[in-house]
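Q: Please take a close look at one part of this model. I would like to know how that part is put together, and then how the rest of the chain is arranged around it.

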Amino acid sequence: MKSFGQKSWMLPQPVLIIGTYDKEGKPNAMNAAWGGQWDAKEIMIAMGSHATTENLNLNPDFTVAFATQETLVASDFVGIVSQKNEPNKIAKTGWHVEKAEHVNAPVFLDFPMTLECRIKAKIDETPEGYYLVAEIVNILVDEQYLAEDGKPDVEKMRLITYDPIHHGYIALDKRVGNAFLDGKQLK
Ligand SMILES: Cc1cc2nc3c(=O)[nH]c(=O)nc-3n(C[C@H](O)[C@H](O)[C@H](O)COP(=O)(O)O)c2cc1C
(Lines give C-alpha, C1' and ligand atoms only; values in the text may rest on other atoms or scores of the structure.)
Protein backbone atom coordinates (compact mmCIF):
# COMPACT_ATOMS: atom_id res chain seq x y z
CA MET A 1 0.00 0.00 0.00
CA LYS A 2 1.29 3.49 -0.92
CA SER A 3 0.54 6.29 1.59
CA PHE A 4 -0.75 9.71 0.42
CA GLY A 5 -1.34 11.58 3.69
CA GLN A 6 -4.29 13.99 4.03
CA LYS A 7 -6.21 14.67 0.80
CA SER A 8 -9.81 15.51 -0.10
CA TRP A 9 -10.17 12.17 -1.79
CA MET A 10 -13.49 10.88 -0.53
CA LEU A 11 -14.82 8.60 -3.28
CA PRO A 12 -17.04 8.61 -5.24
CA GLN A 13 -17.86 12.33 -5.26
CA PRO A 14 -21.08 13.73 -6.75
CA VAL A 15 -21.32 16.41 -9.43
CA LEU A 16 -24.02 18.68 -8.01
CA ILE A 17 -25.37 21.65 -9.96
CA ILE A 18 -26.66 24.24 -7.51
CA GLY A 19 -29.31 26.57 -8.95
CA THR A 20 -30.11 29.95 -7.36
CA TYR A 21 -31.69 33.28 -8.27
CA ASP A 22 -29.82 36.55 -7.79
CA LYS A 23 -31.42 39.66 -6.28
CA GLU A 24 -33.01 40.51 -9.66
CA GLY A 25 -34.39 37.00 -10.11
CA LYS A 26 -31.76 36.00 -12.68
CA PRO A 27 -30.81 32.30 -12.55
CA ASN A 28 -27.28 31.13 -11.74
CA ALA A 29 -25.67 27.70 -11.39
CA MET A 30 -22.45 26.37 -9.90
CA ASN A 31 -20.80 22.96 -9.67
CA ALA A 32 -20.20 21.39 -6.23
CA ALA A 33 -18.52 18.10 -5.44
CA TRP A 34 -18.29 18.51 -1.68
CA GLY A 35 -21.79 17.53 -0.68
CA GLY A 36 -23.95 14.63 0.32
CA GLN A 37 -26.85 13.34 2.35
CA TRP A 38 -26.88 14.77 5.89
CA ASP A 39 -30.00 13.27 7.44
CA ALA A 40 -33.12 11.51 6.14
CA LYS A 41 -34.57 14.66 4.54
CA GLU A 42 -31.47 16.87 4.54
CA ILE A 43 -28.33 17.37 2.49
CA MET A 44 -25.05 19.21 3.18
CA ILE A 45 -22.79 21.17 0.86
CA ALA A 46 -19.43 22.84 1.58
CA MET A 47 -19.89 26.32 0.11
CA GLY A 48 -17.03 28.66 -0.72
CA SER A 49 -17.46 32.37 -1.45
CA HIS A 50 -19.23 32.63 -4.82
CA ALA A 51 -22.01 34.55 -6.59
CA THR A 52 -24.15 31.57 -5.53
CA THR A 53 -23.21 32.18 -1.89
CA GLU A 54 -24.36 35.81 -2.19
CA ASN A 55 -27.63 34.61 -3.72
CA LEU A 56 -28.13 32.16 -0.85
CA ASN A 57 -27.48 34.92 1.68
CA LEU A 58 -30.49 36.78 0.23
CA ASN A 59 -32.73 33.75 -0.36
CA PRO A 60 -32.27 30.32 1.32
CA ASP A 61 -33.91 28.43 -1.57
CA PHE A 62 -31.91 26.51 -4.19
CA THR A 63 -32.04 23.46 -6.41
CA VAL A 64 -29.56 20.61 -6.77
CA ALA A 65 -29.40 18.73 -10.08
CA PHE A 66 -27.17 15.72 -10.72
CA ALA A 67 -24.84 16.15 -13.71
CA THR A 68 -24.96 13.70 -16.59
CA GLN A 69 -22.76 12.78 -19.56
CA GLU A 70 -24.99 15.00 -21.71
CA THR A 71 -24.64 18.03 -19.41
CA LEU A 72 -20.93 17.47 -18.60
CA VAL A 73 -19.36 20.33 -20.59
CA ALA A 74 -21.77 22.99 -19.33
CA SER A 75 -21.63 21.51 -15.80
CA ASP A 76 -17.85 21.95 -15.79
CA PHE A 77 -18.27 25.44 -17.28
CA VAL A 78 -20.52 26.60 -14.41
CA GLY A 79 -17.79 25.31 -12.04
CA ILE A 80 -14.97 27.34 -13.58
CA VAL A 81 -16.75 30.60 -14.46
CA SER A 82 -18.46 32.90 -11.96
CA GLN A 83 -21.55 34.91 -12.74
CA LYS A 84 -19.66 37.75 -11.07
CA ASN A 85 -17.47 37.87 -14.22
CA GLU A 86 -19.82 36.42 -16.86
CA PRO A 87 -23.36 37.83 -16.80
CA ASN A 88 -24.32 35.50 -19.70
CA LYS A 89 -23.22 32.40 -17.79
CA ILE A 90 -26.54 30.55 -17.93
CA ALA A 91 -27.30 31.60 -21.52
CA LYS A 92 -23.94 30.08 -22.51
CA THR A 93 -24.87 26.69 -21.00
CA GLY A 94 -27.85 26.43 -23.35
CA TRP A 95 -29.88 24.99 -20.46
CA HIS A 96 -33.65 25.44 -20.33
CA VAL A 97 -34.81 27.11 -17.13
CA GLU A 98 -38.10 27.14 -15.23
CA LYS A 99 -38.99 28.23 -11.71
CA ALA A 100 -39.14 25.32 -9.26
CA GLU A 101 -42.55 24.19 -8.02
CA HIS A 102 -41.95 24.42 -4.26
CA VAL A 103 -38.97 26.75 -3.76
CA ASN A 104 -37.91 30.12 -5.15
CA ALA A 105 -35.07 28.78 -7.31
CA PRO A 106 -34.48 27.75 -10.93
CA VAL A 107 -34.87 24.22 -12.31
CA PHE A 108 -32.65 23.33 -15.26
CA LEU A 109 -34.80 21.06 -17.40
CA ASP A 110 -31.83 19.42 -19.14
CA PHE A 111 -31.15 17.33 -16.00
CA PRO A 112 -33.08 14.13 -15.21
CA MET A 113 -33.48 14.75 -11.47
CA THR A 114 -33.52 17.85 -9.27
CA LEU A 115 -33.85 18.37 -5.53
CA GLU A 116 -35.76 21.47 -4.39
CA CYS A 117 -34.00 22.63 -1.21
CA ARG A 118 -34.12 25.25 1.53
CA ILE A 119 -31.23 26.09 3.89
CA LYS A 120 -31.85 25.06 7.51
CA ALA A 121 -28.44 25.88 8.98
CA LYS A 122 -25.07 27.38 8.11
CA ILE A 123 -22.17 25.87 10.02
CA ASP A 124 -18.80 27.59 10.65
CA GLU A 125 -19.80 30.68 8.63
CA THR A 126 -16.87 32.97 7.66
CA PRO A 127 -16.32 35.37 4.72
CA GLU A 128 -14.77 32.37 2.92
CA GLY A 129 -17.96 30.32 3.10
CA TYR A 130 -19.75 27.77 5.28
CA TYR A 131 -21.18 24.27 5.40
CA LEU A 132 -24.85 24.43 4.59
CA VAL A 133 -27.46 21.97 5.79
CA ALA A 134 -30.65 22.10 3.75
CA GLU A 135 -34.04 20.45 3.83
CA ILE A 136 -35.11 18.53 0.72
CA VAL A 137 -38.52 20.16 0.15
CA ASN A 138 -39.35 18.14 -2.96
CA ILE A 139 -37.75 16.01 -5.69
CA LEU A 140 -38.53 16.52 -9.40
CA VAL A 141 -37.78 13.79 -11.96
CA ASP A 142 -38.29 13.99 -15.73
CA GLU A 143 -40.81 11.23 -16.61
CA GLN A 144 -38.50 9.73 -19.25
CA TYR A 145 -36.15 8.68 -16.43
CA LEU A 146 -38.70 6.67 -14.48
CA ALA A 147 -38.50 2.89 -14.15
CA GLU A 148 -41.49 0.58 -14.69
CA ASP A 149 -42.34 0.83 -10.98
CA GLY A 150 -42.77 4.63 -11.39
CA LYS A 151 -39.64 5.49 -9.38
CA PRO A 152 -36.49 7.20 -10.75
CA ASP A 153 -34.23 4.87 -12.74
CA VAL A 154 -30.67 5.93 -11.87
CA GLU A 155 -29.14 3.71 -14.55
CA LYS A 156 -31.05 5.60 -17.28
CA MET A 157 -29.74 8.99 -16.09
CA ARG A 158 -26.11 8.50 -17.23
CA LEU A 159 -24.84 10.37 -14.15
CA ILE A 160 -21.20 11.33 -13.71
CA THR A 161 -18.95 11.32 -10.64
CA TYR A 162 -16.03 13.69 -9.99
CA ASP A 163 -12.56 12.19 -9.65
CA PRO A 164 -10.66 14.58 -7.32
CA ILE A 165 -7.36 12.78 -7.85
CA HIS A 166 -6.92 13.27 -11.61
CA HIS A 167 -9.68 15.93 -11.97
CA GLY A 168 -11.83 13.82 -14.23
CA TYR A 169 -15.50 12.98 -14.64
CA ILE A 170 -16.34 9.28 -14.68
CA ALA A 171 -19.52 7.66 -16.02
CA LEU A 172 -21.94 5.94 -13.63
CA ASP A 173 -24.33 4.09 -15.89
CA LYS A 174 -24.21 0.37 -15.13
CA ARG A 175 -26.02 -1.47 -12.37
CA VAL A 176 -23.75 -4.25 -11.09
CA GLY A 177 -25.54 -5.60 -8.04
CA ASN A 178 -28.45 -5.62 -5.62
CA ALA A 179 -28.15 -3.80 -2.29
CA PHE A 180 -29.29 -5.60 0.87
CA LEU A 181 -29.47 -8.81 -1.17
CA ASP A 182 -26.23 -9.87 -2.87
CA GLY A 183 -24.42 -9.97 0.48
CA LYS A 184 -26.79 -12.68 1.66
CA GLN A 185 -24.82 -15.13 -0.47
CA LEU A 186 -22.17 -15.10 2.28
CA LYS A 187 -24.57 -15.44 5.22
C1 LIG B 1 -15.56 19.76 -10.22
C2 LIG B 1 -15.83 21.00 -9.40
C3 LIG B 1 -16.24 20.88 -8.09
C4 LIG B 1 -16.48 22.00 -7.30
N5 LIG B 1 -16.91 21.83 -6.01
C6 LIG B 1 -17.18 22.92 -5.26
C7 LIG B 1 -17.70 22.76 -3.93
O8 LIG B 1 -17.95 21.65 -3.46
N9 LIG B 1 -17.91 23.88 -3.21
C10 LIG B 1 -17.68 25.14 -3.70
O11 LIG B 1 -17.92 26.13 -2.99
N12 LIG B 1 -17.23 25.33 -4.97
C13 LIG B 1 -16.98 24.26 -5.76
N14 LIG B 1 -16.55 24.42 -7.05
C15 LIG B 1 -16.29 25.80 -7.55
C16 LIG B 1 -17.53 26.57 -8.04
O17 LIG B 1 -18.39 25.75 -8.81
C18 LIG B 1 -17.05 27.78 -8.88
O19 LIG B 1 -16.26 28.65 -8.08
C20 LIG B 1 -18.15 28.52 -9.61
O21 LIG B 1 -17.56 29.29 -10.65
C22 LIG B 1 -18.97 29.45 -8.72
O23 LIG B 1 -19.91 30.11 -9.57
P24 LIG B 1 -20.68 31.44 -9.11
O25 LIG B 1 -19.66 32.43 -8.58
O26 LIG B 1 -21.36 31.94 -10.38
O27 LIG B 1 -21.65 31.03 -8.05
C28 LIG B 1 -16.31 23.31 -7.85
C29 LIG B 1 -15.92 23.43 -9.20
C30 LIG B 1 -15.69 22.29 -9.97
C31 LIG B 1 -15.27 22.43 -11.42
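A: The place to start is a hairpin, in which two residues connect S8 to S9. The model is a predicted one, and what follows describes it as such. Strand S8 covers residues 113–126 and strand S9 covers 129–141. The two strands run antiparallel and are joined by eleven bridges. Two of the facing pairs can be named. Ala121 has Val133 of S9 as its bridge partner. Arg118 of the hairpin stands opposite Glu135 in S9.

Next, the neighbours on either side. S8 also pairs with S5, again in the antiparallel sense, over five bridges. In that pairing Ala65 faces Thr114 of S8. S9 also pairs with S4, antiparallel as well, over six bridges. Here the bridge partner of Met47 is Tyr130 in S9.

Going one strand further from S5 brings in S1. Strand S1 (residues 16–21) and strand S5 (residues 61–66) are paired antiparallel through four bridges, and Gly19 is placed opposite Thr63 of S5.

These pairings belong to one open sheet of seven strands, ordered S2-S1-S5-S8-S9-S4-S3 and paired in the antiparallel sense. At its edges are S2 and strand S3 (35–39), each of which pairs on one side only. On average, neighbouring strands of this sheet are turned by 35° against each other, with direction ignored. As a general point, side chains in a regular strand alternate between the two faces of the sheet.

Two helices lie across strands of this sheet. H1 crosses S1, S2, S4, S5 and both hairpin strands, S8 and S9; the angle between H1 and S1 is about 50°. H2 lies across S1 and S2, and runs at about 95° to S2.

The ligand comes next. Twenty residues are around the ligand, and those that come nearest are Trp34, Gly48, Thr52, Gly79 and Ser82. Two or more shell residues are given by each of strand S2 (27–32), strand S4 (42–47), helix H1 (51–58) and helix H2 (72–80). S2 provides the largest share of the shell, with four residues. By type, the shell divides into ten nonpolar residues, eight polar ones and two charged ones. Thus S2 is both an edge strand of the sheet and the element with the largest share of the ligand shell. S4, which pairs with S9, is also among the elements giving two or more residues to that shell.

Finally, the chain as a whole. The protein chain has three helices and eleven strands. Along the sequence these elements follow the pattern β-β-β-β-α-β-α-α-β-β-β-β-β-β. Of the contacts between residues at least 6 apart in sequence, 59% join residues at least 24 apart. Of the 187 residues, 30% count as buried. The C-alpha atoms fill a box of roughly 55 × 45 × 30 Å along the principal axes. The radius of gyration is 17 Å, which agrees with a compact globule, because a globule of 187 residues would have a value near 16 Å.

Definitions and conventions
Residues numbered from 1 in each chain as written. Predicted model: local features only at pLDDT ≥ 70, side-chain atom pairs only at ≥ 80, totals over all residues. Near = placed C-beta within 6 Å. Nonpolar A, V, L, I, M, F, W, Y, C, P; charged D, E, K, R; others polar. Pairing = 2+ DSSP bridges. Axes fitted to C-alpha atoms, helices over the stretch in contact; angles between N-to-C directions. Contact = placed C-beta atoms within 7 Å. Rg over C-alpha atoms; globule rule 2.2 N^0.38 Å. Buried ≥ 20, exposed ≤ 12 C-beta atoms within 10 Å, placed from the backbone.
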